[in-house]
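Me: I have a structure to read and do not know where to begin. Could you take me through it, feature by feature?

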Amino acid sequence: MASVKILAVDDSVTMRRILTNTLKRAGFDQVVEAEDGIDAWAKLQTEDNVGLILTDWNMPNMSGLEFVKKVRSDPKFGNVPIIMVTARGVKDDVLEAMRAGVNSYIVKPFTPQVLKEKIEKVLSSV
Amino acid sequence: MTEQDIQKLVQELDQVRSHVLIFETHLPDIIKGARTHAKAHLLVFKDSFPRLRHTVEFAEQVVPTIDRMIRIWPEKAGSIPQATSNLRKVTEATEMATTEIMDVVDGITEQIEDLKARLQAQRNSLGEGIKSVDEKRQKVEACLGDGKGPKAQVLKEVVQWQQSLESTLGEWGRTLDEVVQGLEGINDSLFQILNALQFQDITAQQIEATKAILAELNEEIKALFKGFTQMELGGRVEVRRGTFDKQANYDRKEAKRKQRMADQIFEEGSERDAEKVREEVGEMVSQDDIDAIFE
């Protein structure tokens, strides 16, 4: 499970670094970073075997939600599990993310335990 | 003047006379109507007058304020782009400072990991040393047997010294274990510091949301005072649309509550069920509501 390659998408440099550090500490050594939906989509094309996507919602150029919809509608990447990691935490947001096709939802600020638990749960269910 | 002209004039005079007679007949009514109307208007005016007076007084009070607004607000509005620029600098500065902190934390973590590895190697070496001393002590004890005499006495002292050495080495080993544990604790604390730096992302979103409000205010003021002042009104306020959640908040307790709500929706497994939960629980879920559902 720890050998899975994770694509971490967030426009905040700080958050990308926190995600990468937390993932590495949890044993996920293969982390690819992207700064928005467009960058993430490009990374998805060039990186081999991305096994999980963690994406922020509010980002410039292409939002996390748009990116999720794009991935879900793609025949090649449509089944890659996605976890939304966002500060948005009202029920309609969660429902919208679920409708778009995310597999799980993490509210910021998150704890390393929550991140690890959600990743393990999502990976074990695919 | 001919006779024909005179007759024509007489006819015209008759017409005038006729009109005057009609006018005379209706004059009282006209005057009465005019009086009634005038009275009604006066009554209305009488009722309105205090309000009109108040309006004038209010205008007298308000006009200087409006005048002051026209003079000052455009000037203040001009400072909104500067204020938002300062807010942007705050975000940049906190991002930079956070990166510096993360660099330091990463550096310390790396040093601790290195130190831990070296101490662990020493601990392993010490363990082997203790084992070796123990083996030698057992050999000496075997040689000693029930022996007596000066040589046996020396061997007994060697055994005692070996026991003392084993005890000391054992103590060192336990201290090393404690140090390694302590270093792991420091590493955990550093990791918590790193995790707490999520505040930077969230406050950056809050600042961006504030900038968006100021941008709207800026445009409203510009529209309001356009035509009232010759002053150059403030420039555009750049906001990174779509990059922030206006409700973003660095509140662990609140995040935990929202996390449980999100988990609950996902656990329900379908949108229909999630909608049902929404109907049952309402728009904003309280901890009591969540507890009630779990019960």
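**Strands, helices and a contact**

Reply: Start with a pair of strands. In chain A, strand β1 (residues 5-9) and strand β2 (residues 31-34) run parallel, joined by four bridges. Strands pair if DSSP finds at least two bridges between them. Helices (H or I, at least four residues) and strands (E, at least two) are DSSP runs, numbered from the N terminus. This is a predicted model: local features need pLDDT of at least 70, side-chain atom pairs count only at pLDDT 80 or more, and totals for chains, interfaces and linings use all residues. Residues are numbered from 1 along each chain as its sequence is written, while chains are lettered from A and ligands numbered from 1 in the order in which they are written.

Me: Which residue of β2(A) is the bridge partner of A:Val9?

Reply: A:Ala34. Now follow the chain between the strands. From β1(A) the chain passes through helix α1 (residues 13-25) of chain A to β2(A), a right-handed β-α-β crossover. To judge the hand, point the strands away from you: right-handed means that the path from the first strand over the helix to the second runs clockwise.

Me: Is strand β4 (residues 82-86) of chain A mostly covered or mostly open?

Reply: Count neighbours. A residue is buried if 20 or more other C-beta atoms lie within 10 Å of its own, exposed if 12 or fewer, and partly exposed in between; C-beta atoms are placed from the backbone. β4(A) is mostly covered, with five of its five residues buried. A:Ile82, A:Met84 and A:Thr86 point one way, A:Ile83 and A:Val85 the other way, and all are buried.

Me: Which strands pair with β4(A)?

Reply: Take strand β3 (residues 50-55) of chain A: three bridges pair it with β4(A) in the parallel sense. One bridge links A:Leu54 to A:Ile83. The chain goes from β3(A) through helix α3 (residues 64-72) of chain A to β4(A), in a right-handed β-α-β crossover. Then take strand β5 (residues 104-107) of chain A, which runs parallel to β4(A) and is joined to it by four bridges. Here A:Ile83 has A:Ser104 as its bridge partner. Helix α4 (residues 91-100) of chain A carries the chain from β4(A) to β5(A), and this β-α-β crossover is right-handed too.

Me: Where in chain A should I check the backbone angles?

Reply: Look in the loops. A:Lys108 and A:Pro109 are joined by a cis peptide bond, with omega about -5°. A:Pro109 sits in the loop between β5 and α5 (112-125) of chain A. For phi, check the sign. A:Asn49 is not a glycine, yet its phi is positive, about 50°. A:Asn49 is in the loop between α2 (37-46) and β3 of chain A. A:Asn61, another residue other than glycine, has a positive phi near 65°. Its place is the loop between β3 and α3 of chain A.

Me: Why is A:Asn49 called exposed, and why is A:Asn61 called partly exposed?

Reply: A:Asn49 is exposed because 9 other C-beta atoms lie within 10 Å. A:Asn61 is partly exposed because it has 14 other C-beta atoms within 10 Å.

Me: How many helices and strands does chain B have?

Reply: Seven helices and zero strands. Buried residues are 12% of its 295 residues. Its mean pLDDT (the predictor's confidence in each residue, from 0 to 100) is 84, and 88% of its residues reach 70 or more. The model as a whole scores ipTM 0.89 and pTM 0.72.

Me: How many residues does each chain give to the contact?

Reply: Two residues are in contact if their C-beta atoms, placed from the backbone, lie within 7 Å. Chain B gives 34 residues and chain A gives 31. α5(B) gives the most to the side of chain B that touches chain A, with eight residues. By class, that side has 15 nonpolar, ten polar and nine charged residues. Ala, Val, Leu, Ile, Met, Phe, Trp, Tyr, Cys and Pro count as nonpolar, Asp, Glu, Lys and Arg as charged, and the others, Gly among them, as polar.

Me: Which residues of α5(B) are buried?

Reply: B:Ala255, B:Lys258, B:Gln259, B:Met261, B:Ala262, B:Asp263 and B:Ile265. Just after α5(B), B:Gly269 has a positive phi of about 85°.
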